[in-house]
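Reader: I'd like a close look at one part of this model, with its surroundings filled in as you go. Could you walk me through it in one connected answer?

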Amino acid sequence: MSRKNKIMAAIAAGALVLLVGSGVARCSLASADGPAPEDAPQQQQSQEQRYPDFSEPEGQGGASAPEQAQGSAFEALVGTSWVAEDDPTSTLSIVSGAFVEKSGKDTIVTYWTIDSEDAGSAVLLASKSMTEAASPVTATIEEAGGTTVIRCDALSHAYKQVQAGARTLYFSGVTSKLAESLGCELTDIESAVSLRAAAVSPACERAVWDAEVWIDYANNTATTTFALDDGASTLISVTRSPDGTIEAL
């Protein structure tokens, strides 16, 4: 091998070491016989499509979405449960960005965002589908006889708030690979998911694991996702920190 070829081989080997040392790996556990993993650039493009960037363009003022939601009385209702005033068999769950109404086997999901808010009321932009145009509706929150009542033209009933009792959350799609990949106990993972589900969607009864784990070897962390079977497919992200603690968001 010529001196030039030796130098090029050494540079290539060094680049490979740097890439392995600083990379983030993605483990897909859906099937051992599934298709081979895509190249890193394709994985990065897939991640960008799945989690689009909603950040505000440079040069535009105004608060970001989390800052606008902070202190919102209406956003504070996320994770609460309700029952119809005129029909105790009809229930309402308020999850992030959606109303989920259930009556028997029927489920109606109404997607909403806050357009404006005053004391005791809010103007929402609501639609029955993520693809249809949203229309402004008024939602009011009032106290009646010691009970909180929500009224909105986008809802089938007026609902009164109830305190959800103890509820068991069932898990689907979970295998031993979950604990093995995250590097922690399965009971700790399910406990974190259950607590988060009780806060954001208390009426939900089932969480489905997506069978994917993202491992950051450089920072010694791992992340996976569960989808709640609550009509709005609320997502819960679970992260194992370097010290072994579990956080569900």
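Author: One term up front: a contact here means heavy atoms within 4.5 Å. Keep in mind, too, that this is a predicted model.

Let's take strand E12 as the part to look at. Confidence is a good reason to start there: within the protein chain, mean pLDDT is highest in E12, at 93. E12 covers residues 221-228, and six of its eight residues are buried, so the rest of the structure largely encloses the strand.

Now for its partners. On one side there's strand E11 (residues 206-216), which pairs with E12 in the antiparallel sense over seven bridges. If you want a landmark in that pairing, take Trp-214, whose bridge partner in E12 is Thr-223. E11 and E12 make a hairpin with four residues between them, and Asn-220 in the turn has a positive phi of about 55 degrees.

Then there's strand E13 (residues 235-240), which also runs antiparallel to E12, with six bridges joining the two. Here the landmark is Phe-226, which stands opposite Ile-236 in E13. This hairpin has six residues between the strands, and Gly-231 takes a positive phi near 90 degrees.

Phe-226 and Ile-236 also turn up in the packing. The largest nonpolar core has 21 residues, and those with the most contacts inside it are Leu-182, Ile-189, Val-193, Phe-226, Leu-228, Ile-236 and Val-238. As for who contributes, helix H4 (176-182), helix H5 (186-200), E11, E12 and E13 each supply at least two residues of this core.

Let's zoom in on Ile-236. Leaving aside neighbours within four places in sequence, Ile-236 is in contact with Thr-224, Thr-225, Phe-226 and Leu-228, and also with Val-193, Arg-196, Ala-197, Ala-248 and Leu-249.

What about the helix end of things? Val-200 is a handy residue to follow, and it is found in helix H5. Val-200 is buried, since its relative accessible area is 10% and the cut-off for buried is under 20%. Val-200 and Ile-236 are 36 residues apart in sequence, yet their C-alpha atoms are 9.4 Å apart in space. With neighbours inside four places set aside again, Val-200 is in contact with Leu-228 and Thr-234, and with Val-78, Gly-79, Ile-94 and Val-95 too.

Leu-228, then, is a name to remember: Leu-228 is among the residues with the most contacts inside the core, and it is in contact with both Ile-236 and Val-200.

With E12 placed, here's what else the chain holds. Apart from the largest core lies another one, of 18 residues, among them Trp-82, Ile-150, Ala-154 and Tyr-159. There's also a barrel: eight strands close up in the order E2-E3-E4-E5-E6-E7-E8-E9, with antiparallel pairing. From one strand to the next, the twist averages 35 degrees. To pick out one joint in that ring, strand E8 (residues 147-152) and strand E9 (residues 159-162) run antiparallel and are joined by two bridges. In that pairing, Val-149 stands opposite Lys-160 in E9.

The aromatics are worth a stop as well. The structure holds four aromatic pairs. One of them is Phe-74 with Trp-112, which is edge-to-face at 5.1 Å centre to centre, with 90 degrees between the planes. Phe-74 lies in the loop between H3 and strand E2 (80-84), while Trp-112 lies in strand E5 (residues 106-118), so the pair ties together parts 38 residues apart in sequence. Phe-99 and Trp-112 form a tilted pair, 5.8 Å centre to centre with 35 degrees between the planes. Since Phe-99 lies in strand E4 (residues 98-103) and Trp-112 in strand E5, that pair ties together parts 13 residues apart in sequence. Ring pairs link Phe-74, Phe-99 and Trp-112 into a cluster. Phe-74 is buried at a relative accessible area of 3%, and Trp-112 counts as buried at 4%. Phe-99 is buried too.

One caution before you leave E12 for other parts. The protein chain averages a pLDDT of 74, with 69% of the residues scoring at least 70. Confidence is lowest in helix H3 (residues 65-69), at a mean of 40. pLDDT stays under 50 over residues 36-70, where the model has eleven contacts beyond four places in sequence. Residues 10-24 also stay under 50, with seven such contacts.

How values were computed. Residues are numbered from 1 along each chain as its sequence is written. This is a predicted model: local features need pLDDT of at least 70, side-chain atom pairs count only at pLDDT 80 or more; totals for chains, interfaces and linings use all residues. Side-chain values use heavy atoms; hydrogens and water are left out. Buried means under 20% relative accessible area, exposed over 50%, partly exposed in between (1.4 Å probe, protein chains only). Two strands pair if DSSP finds at least two bridges between them. A nonpolar core is a set of buried Ala, Val, Leu, Ile, Met, Phe, Trp, Tyr and Cys residues joined through side-chain atoms within 4.5 Å. Axes are lines fitted to C-alpha atoms, for helices over the stretch in contact, and angles run from 0 to 180 degrees between N-to-C directions. pLDDT is the predictor's confidence in each residue, from 0 to 100. Rings of Phe, Tyr and Trp (its six-membered ring) pair if their centres lie within 6.5 Å; planes under 30 degrees apart count as stacked, over 60 as edge-to-face and the rest as tilted.
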